[in-house]
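Subject: Structure handover

Hello,

Here is the structure I said I would pass on. Please have it open while you read the notes under it.

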Amino acid sequence: MAVAFDEMNIPGGDLRPAYQELARWLKETPPEALEYRRQEAELLFRRIGITFAVYGDSESTERLIPFDVIPRIMSGKEWTLLEKGLKQRVRALNMFLRDIYHGRDILRAEVVPDDLIFQNPVFRPEMNGQQVPHDVYVHIAGIDIIRVDAEDFIVLEDNARTPSGVSYMLENREIMMRLFPDLFARHKVAPVERYPDELLSALRSVAPHGASGEPTVALLTPGVYNSAYYEHSFLADKLGIELVEGRDLVVKNNEVFMRTTEGVKRVDVIYRRVDDDFLDPLTFRPDSALGVPGLMSAYAAGNITLANAVGTGIADDKAIYSYMPEIVKFYLGEEPILKNVQTWRCREPKDLAYVLDNLGDLVVKEVHGSGGYGMLIGPAATKATIEAFREKLKREPEGFIAQPTLALSTCPTCTATGLAPRHVDLRPFVLTGSKTTTIVPGGLTRVALKEGSLVVNSSQGGGTKDTWILDE
């Protein structure tokens, strides 16, 4: 594996310009003062109650996501490039989804194979020919970005269904401002606080054409047992909208109403954090107690906007991901600004043969996997694990893709023995309304806290950092 790109230090001992002020501050700050503030941050997170649930973890159901107090810093120039690339990618994703459920030009042009769409469990035939308000399918996208050098930003995956993590971005900033006002005073950091306002205005802008002047938005949660419930309640609170469960909503004459203490109230837009399968027991899983019976008929009648739209899972499928450069070119006629990771599609015999021969060097992922589960990191795996995976691949090659093991870039991080580089990724949140696409500067930086680890997922022991974009 290549040597990781260090975001702070240039080989030869110089510092990258964005980190010069931080380096000066670190020199002036005694280690014990830093440690005191780190403990203070942990205390604040515990007090606020920012936790996430880990499924299948017998020891504890609720864990605190570790927070690292050393910010990750990017120059305004770097951000401008990244922002442009993100807007381009999300635009292409929205056009792809509209096409897949309508004219299917991309399939006729044989850019993407038919069976990858039609045999895909996350493709929703119910959405065929269905108009969605303002043609926006992905209102909130979380695009996972990595760096391997100073020039390029590389997309690791597209989260187009119900991306989570934005509450940590907002809380991390709030806590950093409370604990490190002196460090903020020395930087011009672009603000992230406007995210809730921008999200609310994006959601209101995509209300159905017949909605009232001030559309009513509600956030639909699966309930308190969901791993991201903290985030659902946090966002509803910040947006000033109702947090509802399926049982709080009712459909009458193809219109959606929520039960309130003053009777029922019409809802125009649902920011839903419930997966497609559970949204409406009359259309999808009949055993779902989380959804709203009749919701899909109100949706088909054009009386409700669901954000994100139903059927967007096809856009964050990892096999579709491998076609994203072609998808961008097909719809926009432009070269992709953000690169893709080289990807072998195990469904193709030539690629499968290569992957089976090189399992020890590759990362193999499930096409529909998420959260860092169900993947093989070849260089870190035992012989037995690799052999078990080999059998899985032979049995069901279409369920997997493989990628080279990339050295994610590193940032300075607090460890038990002082500051040390740890691998990071970044999830910016891209908001698409009826007319504009906005991205608050930054996003959620996730950090692999174990030395040498490349897995940044919170469910696998990763932590988070505040992300500073310098306002130059």
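The notes below go through strands, a helix pair, one loop residue and the cysteines.

Please keep in mind that this is a predicted model.

Strand 11 and its neighbours

Strand 11 covers residues 269–272. Two parallel partners were found for this strand. Strand 6, residues 217–220, pairs with strand 11 in the parallel sense over four bridges, and within that pairing Ala218 stands opposite Ile270. Strand 12, residues 305–307, also pairs with strand 11 in the parallel sense, here over three bridges. In this second pairing Val269 has Thr305 as its bridge partner. Both faces of strand 11 are covered. Val269 and Tyr271 lie on one side, Ile270 and Arg272 lie on the other, and all of them are buried.

The loop after strand 11

The loop between strand 11 and helix 10 (295–300) contains Phe284. Is Phe284 buried or exposed? Its relative accessible area is 10%, so Phe284 counts as buried, the cut-off being under 20%. Leaving out residues up to four places away in sequence, Phe284 touches Arg124, Glu126, Asp276, Asp277, Leu279, Met296 and Val310. For scale, Gln342 is 58 residues from Phe284 along the chain, and the C-alpha atoms of the two are separated by 35 Å.

Strand 20 and its neighbours

Strand 20 runs over residues 429–432. Phe429 and Leu431 point one way from this strand, Val430 and Thr432 point the other way, and all are buried. Here the pairing is antiparallel with both of the partners described next. With strand 4, residues 140–146, strand 20 pairs in the antiparallel sense over three bridges; Phe429 is the bridge partner of Gly142. Strand 21, residues 437–439, runs antiparallel to strand 20 and is joined to it by three bridges. Thr432 and Thr437 are bridge partners in that pair. The connection between strand 20 and strand 21 is a hairpin of four residues.

Two open sheets

One open sheet has three strands in the order 8-9-10, with antiparallel pairing. Its edge strands are strand 8 (249–252) and strand 10 (263–266), each of which pairs on one side only. On average, neighbouring strands of this sheet are turned by 40° against each other, direction ignored. Strand 9, residues 255–260, is joined to strand 10 by four bridges, and the two run antiparallel. Thr260 has Gly263 as its bridge partner in strand 10.

A further open sheet has four strands, in the order 14-17-15-16, and its pairing is antiparallel. Strand 14 (344–345) and strand 16 (376–377) are the edge strands, each pairing on one side only. Strand 15, residues 362–366, runs antiparallel to strand 16, and two bridges join them. One residue pair to look at is Val363 and Ile377, the latter being the bridge partner in strand 16.

Helix 8 against helix 9

How do the axes of helix 8 and helix 9 cross? Helix 8 (residues 195–205) and helix 9 (residues 229–239) have axes that come within 9 Å and cross at roughly 80°. Angles of 65 to 115 degrees count as roughly perpendicular, so helix 8 is roughly perpendicular to helix 9. From helix 8, the residues in the contact are Tyr195, Pro196, Leu199, Leu200 and Leu203; from helix 9, they are Leu235, Lys238 and Leu239. By class, the contact residues divide into seven nonpolar, no polar and one charged. Lys238 is the charged one, because Lys counts as charged.

Cysteines

How many disulfides does a search of the whole structure find? The search finds zero. For Cys414, the nearest cysteine sulfur is that of Cys411, 13 Å away, and Cys414 is in no disulfide. A disulfide is taken here as a pair of cysteine sulfur atoms within 2.5 Å, so that separation rules the pair out. Cys414 is buried, with a relative accessible area of 18%. Cys346 is buried as well, with a relative accessible area of 1%.

Regards

Terms used:
Residues numbered from 1 in each chain as written. Predicted model: local features only at pLDDT ≥ 70, side-chain atom pairs only at ≥ 80, totals over all residues. Heavy atoms only, no water. Axes fitted to C-alpha atoms, helices over the stretch in contact; angles between N-to-C directions. Parallel < 35°, antiparallel > 145°, perpendicular 65-115°, else oblique. Contact = heavy atoms within 4.5 Å. Pairing = 2+ DSSP bridges. Buried < 20%, exposed > 50% of the residue type's maximum accessible area, 1.4 Å probe, protein only.
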